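Got your viewer open? Load the model, show it as a cartoon, and keep the selection box handy.

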Amino acid sequence: MPIYHRLGQIPRKRHTVFPKNGGGIHMEQLVGNKGFTGPASLLYHLHLPTSVRSVRFVRSLDWEAEVDPMLRHRHFRAHRLVAEGSAVLDRQPLLFNSDVAASIVQPTQEDEFFYRNAQGDELIFVAEGGGALESQFGKLPFRQGDYLVVPRGILHRYRYTARPVRFFVLESTGYLRTPHRYRNEHGQLTENSPFCERDIRRPEELETHDEPGEFRIVVKQHNALTEMVLAHHPFDVAGWDGYYYPWALNIHDFEPRVGRLHLPPPVHQTFECEGFVVCSFCPRPYDFDPEAIPVPYNHSNVMSDEVLYYASSEFMSRRGIEYGSITLHPDGLPHGPQPGLTEKSIGEKKTEELAVMVDTFRPLKVARNILPVEDGDYHKSWL
Ligand SMILES: [Fe+2]
């Protein structure tokens, strides 16, 4: 994230001697993406971050796609899937391609291990629940409606204070970031952006653990899990600074745009990445011309697949969906309001809808395990 942040104690100059209380020096570590030309942070550990005692292969995570080439509009009632357990090990696959993988999970237990996704950035939408994302960069409290951005390689774990907890998860092959058109040449979010740096929450509290022992770290890479045992508590960072760290943005801090007449979907964009974008549909007043039609016109999203995750049961242009529904409108298939909803919307003043949209530039595959919760008649719901 292009905002400089620092926590704890760091030396005045980088790459210099930084003595520890009680003797010895801190171990400096540079963490950054894109061959250290992208965002990076410098961390100062009490112990060597490399002190691995053992390594063990855990299991493969091969997501199975359905074998059904018939193109149609799809609707899955994703919250009817059982996805209880660990926030990172028990995610239920939904949709995926080579750029992005969407899953859902209802964490019911706090993991005893630490987790690092080495193959993708993670965007966690907190549909329900609250707690803290703990990492080597400190504690980042989260609440319902948060997007948690966890750049790849960051060692972390979740702790919960408000249950039940439900996450809608995206894992990306590319580097997930705020849209380029919202930033000026210096990286600052401009007045045109629907959110600003003040809305972006960064790790707050750095707790430094000086504890030898055996600490399990589960690493995801090559669609498989490997366990590494570290010889000390991995949260042994005395201080850090830089631009690479987990951060949070609440969907209700996204300022929705409203016009005299209907504004197009890009006004809802919240994140960009290679191969897909993420948009937020938030409660807002409707278009204010007396002749305006507030619901969207029929449209064909040519060259992209459109996914909507319904974070509440209200949506202006759909009947038959529920909280936790996921719709997939594949490339080019026309879709829009269901019969009667266009006429009914005229003169309406506001919407309470809340949804996360993912538009992918390559076609998505449907994971086999969500077929049992599919609404098989959805493609006929415009009759
Ligand atoms: Fe659409």
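What follows is a walk from the metal site outwards, one selection at a time. Keep in mind that this is a predicted model.

**Stop 1: the iron ion**

Select the iron ion and show its surroundings as sticks. The protein donors are NE2 of His-299, two OE contacts from Glu-306, and NE2 of His-335, lying 2.0 to 2.2 Å from the metal. Along the chain, these donors follow the spacing H-x6-E-x28-H.

Now put some angles on the screen. Among the four donor atoms they run from 60 to 178 degrees, and the site counts as irregular. Tetrahedral would need every angle between 85 and 135 degrees. For reference, the ideal angle for four tetrahedral donors is 109.5 degrees.

Next, switch on a surface and colour it by accessibility. Is Glu-306 buried or exposed? Glu-306 is buried, at 7% relative accessible area. His-299, on the other hand, is partly exposed, with 23%.

**Stop 2: a loop residue with an unusual phi**

Pick Met-303, in the loop between strand 20 (284–285) and strand 21. Its phi is positive, about 70 degrees, although Met-303 is not a glycine. Most residues other than glycine have a negative phi. Leave the surface on for a moment: Met-303 counts as exposed, with a relative accessibility of 63%.

**Stop 3: along strand 21**

Move on to strand 21, residues 305–310, and click Tyr-309. How much relative accessible area does Tyr-309 have? The value is 0%, so Tyr-309 is buried. Then draw a distance from the C-alpha of Tyr-309 to that of Ser-325: the label should read 6.0 Å, for two residues that sit 16 apart along the chain.

**Stop 4: two cysteines**

Select every cysteine sulfur and look for bonds between them. How many disulfides does the structure hold? Zero. Cys-279 is in no disulfide, and the nearest cysteine sulfur, that of Cys-282, is 10 Å away. A disulfide would need the two sulfur atoms within 2.5 Å. Seen from the other end, Cys-282 is in no disulfide either, with the sulfur of Cys-279 as its nearest at 10 Å. Cys-279 is buried at 3% relative accessibility, and Cys-282 is buried at 3% as well.

**Stop 5: the largest cavity**

Turn on your cavity display. There are four cavities of 30 Å³ or more, and the largest has a volume of about 90 Å³. To centre on that one, select Arg-257, His-262, Leu-263, Arg-284 and Asp-287, which lie nearest its centre among the 12 lining residues. Colour the lining by class and you get seven nonpolar, two polar and three charged residues.

**Stop 6: a cis peptide bond**

Jump to strand 13, residues 156–172, and find Pro-164. Zoom in on the peptide bond from Arg-163 to Pro-164, which is cis, with omega near 0 degrees. Most peptide bonds are trans.

**Stop 7: back towards the start of the chain**

Finish at His-15, in the loop between strand 1 (5–8) and strand 2 (27–32). What is special about the phi of His-15? The angle is positive, about 60 degrees, although His-15 is not a glycine. Bring the surface back for one last look: His-15 is exposed, with a relative accessible area of 54%.

Notes:
Residues numbered from 1 in each chain as written. Predicted model: local features only at pLDDT ≥ 70, side-chain atom pairs only at ≥ 80, totals over all residues. Heavy atoms only, no water. 1 Å grid on protein atoms, 1.4 Å probe; cavity = no way out; pocket = protein on both sides within 12 Å on 5 of 7 lines; lining within 4 Å. Points joined across faces, edges and corners; volume = space filled by probe spheres on them. Nonpolar A, V, L, I, M, F, W, Y, C, P; charged D, E, K, R; others polar. Buried < 20%, exposed > 50% of the residue type's maximum accessible area, 1.4 Å probe, protein only. Donors = N, O, S within 2.8 Å, 3.2 Å for Na, K, Ca; no water. Tetrahedral: all angles 85-135°; square planar, octahedral: opposite > 155°, others 65-115°. Helix = DSSP H or I, 4+ residues; strand = E, 2+ residues; numbered from the N terminus.
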